[in-house]
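Trainee: I would like to learn how to read strand pairing and a ligand site. Where shall we start?

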Amino acid sequence: MRVAMLTGGGDCPGLNAVMRAIVRKGERRWGDEFIGFVDGWRGVLDGETVPLDVGTFRGTLPRGGTVLGSSRTNPAKTDDGIATCADTLERLGVDALVAIGGEDTLGVANELAAAGAPVVGVPKTIDNDLSATELTFGFDTAVQIATEAIDRLHTTAESHHRVMVVEVMGRHAGHIAVWAGIAGGATYTLIPEERFDVDAVCAALVQRHEMGRYASIVVVAEGAQPVEGSFHVARDEVDAFGHVRLGGIGNTLANEIEARTGYETRVTILGHVQRGGTPTAFDRVLATRFGVAAIDAVHDQRWGTMVALQAGEIVSVSLAEAVGTLKTVDPDLYDVARVFFAG
Ligand code: F6P
């Protein structure tokens with residue numbers, strides 16, 4: 001078969017590991033031929049491809065990013081975008097397309113599959129907010145990076161008796177924040193799923209500091225929002241998928257905390273550090289399992305499906321189901337984090 005691949009949306013540690021596994025099993029088991037679309041859906045719209053084989057992926061297992069490049073180009077934004085993508089596949093004689101991405105990339109994959117194209121999806125995002133899979137690769141790496149950062153911030157916070165605000169990624173869901181908050185022993189963790197009351201946060205900090213612990217760590221997901229009317233968070237720039245560019249709640253929150261408590265407060269915005277660099281062993285294994293399952297799905301002609309992790313097994317789910325709703329933080333897990341707030 002002639003199989004094409006693309007990586008779309010924000011990059012993520014483990015993308016190369018997925019493609020390495022797809023190519024390795026496809027080439028060695030079935031004699032498949034591979035091409036890659038450059039920069040996600042942009043490469044499909046423009047028909048820009050590169051040849052791929054086992055040799056392309058030598059040495060890439062521990063490498064972050066994606067050898068194919070990525071973009072947030074959204075073909076569904078234009079009237080004939082999906083039809084253009086379908087034409088490209090036909091013109092290039094592509095028998096199957098494996099789309100590796102998050103909610104946006106897979107949303108387009110779903111539309112393309114609905115239009116009759118032979119598409120299989122692989123879930124990817126450090127945010128871990130895709131439904132139908134218990135985990136996405138990249139998440140474990142991001143949590144590890146955020147936890148290490150929090151560990152380091154504890155010692156400098158304690159030395160200076162400061163509050164440290166740590167802003168982590170998580171646009172609509174606070175999975176990274178909650179996991180890193182629990183793992184790093186945060187004083188408070190704020191997530192997009194639950195609007196926060198800055199007065200309650202400050203009261204918890206005061207309580208903690210009055211108990212003699214003169215340092216605190218507040219983890220805030222970039223998409224967290226205060227309750228109406230407490231303070232303003234600026235958000236204006238929007239990308240091709242209509243997402244507001246976030247990153248800034250940490251600074252605003254730190255100013256509010258310092259003004260309301262009088263405690264010296266500093267901010268660390270982890271940003272894209274969470275997405276760069278080498279994947280953890282866990283993410284390499286998950287990505288490899290997803291890749292092997294994806295090329296199996298191609299050969300079984302399971303079009304319009306996505307590989308997913310459920311109860312420890314790799315399964316196939318419908319793309320439509322996967323992109324229907326976002327997976328948000330389990331309230332029970334947030335309650336576990338809450339046990340450690342203040343104190
Ligand atoms: O990969 C998803 C994500 O990490 C979000 O959490 C974040 O809002 C977004 O990407 C930022 O991506 P970029 O700045 O690359 O557009």
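Mentor: Start with one pair of residues. V165 has V218 in β8 as its bridge partner. Keep in mind that this is a predicted model.

Trainee: Which strands do the bridges join there, and how many bridges are there?

Mentor: First the general idea. Strands of a sheet pair through backbone hydrogen bonds, in a parallel or an antiparallel sense. Here β6 (residues 163-168) and β8 (residues 216-221) run parallel, joined by six bridges.

Trainee: What is the strand order in that sheet?

Mentor: Read across the sheet: β7-β8-β6-β9. These four strands form an open sheet, and the pairing is parallel.

Trainee: Why is one side of β7 and of β9 left without a neighbour?

Mentor: β7 (188-190) and β9 (265-269) stand at the edges and have a single partner strand each, so one side of each lacks a neighbour in the sheet. Then look at the twist. On average, neighbouring strands of this sheet are turned by 20 degrees against each other, direction ignored.

Trainee: How many strands form the sheet that contains β10 and β11, and in what order?

Mentor: Seven strands, in the order β3-β2-β1-β4-β5-β10-β11. This sheet is open too, with mixed pairing. β3 (49-52) and β11 (313-318) are at its edges; each has a single partner strand, so one side of each has no neighbour in the sheet. The average turn between neighbouring strands of this sheet is 30 degrees, direction ignored.

Trainee: In which sense do β10 and β11 pair?

Mentor: Antiparallel, over six bridges, with β10 spanning residues 305-310. Follow the partners. L309 bridges to I314 in β11, and Q310 bridges to E313 in β11.

Trainee: What do β10 and β11 form, and what stands out in the turn?

Mentor: They form a hairpin with two residues between the strands. In the turn, A311 has a positive phi of about 50 degrees. As for side chains, in a regular strand they alternate between the two faces of the sheet.

Trainee: Now the ligand. Which residues are around it?

Mentor: List the shell before judging contacts. The residues around the ligand are R72, I126, D127, M169, G170, R171, E222, H272 and R275. By class, that shell has five charged, two polar and two nonpolar residues. Domain 1 (2-138 + 279-324) and domain 2 (140-276) each supply at least three residues to the shell.

Trainee: Which side chains have an N or O atom close to a ligand oxygen, and at what distances?

Mentor: Three arginines. A polar side-chain atom of R72 lies 2.9 Å from a ligand oxygen. For R275, the distance from a side-chain N or O atom to a ligand oxygen is 2.9 Å. For R171, the corresponding distance is 3.5 Å.

Trainee: How much of the ligand does the protein cover?

Mentor: On its own, the ligand has 390 Å² of accessible area, and the protein covers 82% of that.

How values were computed
Residues are numbered from 1 along each chain as its sequence is written. This is a predicted model: local features need pLDDT of at least 70, side-chain atom pairs count only at pLDDT 80 or more; totals for chains, interfaces and linings use all residues. Side-chain values use heavy atoms; hydrogens and water are left out. A residue is near a molecule or strand if one of its heavy atoms lies within 4 Å of it. A polar contact is a pair of N or O atoms within 3.5 Å; within protein, one must be able to donate a hydrogen and the other to accept it, and residues adjacent in sequence count only if both atoms are side-chain atoms. Accessible areas come from the Shrake-Rupley method with a 1.4 Å probe; for residues, only the protein chains shown count as cover. Ala, Val, Leu, Ile, Met, Phe, Trp, Tyr, Cys and Pro count as nonpolar, Asp, Glu, Lys and Arg as charged, and the others, Gly among them, as polar. Domain bounds come from an automatic or database domain assignment. Two strands pair if DSSP finds at least two bridges between them. Axes are lines fitted to C-alpha atoms, for helices over the stretch in contact, and angles run from 0 to 180 degrees between N-to-C directions.
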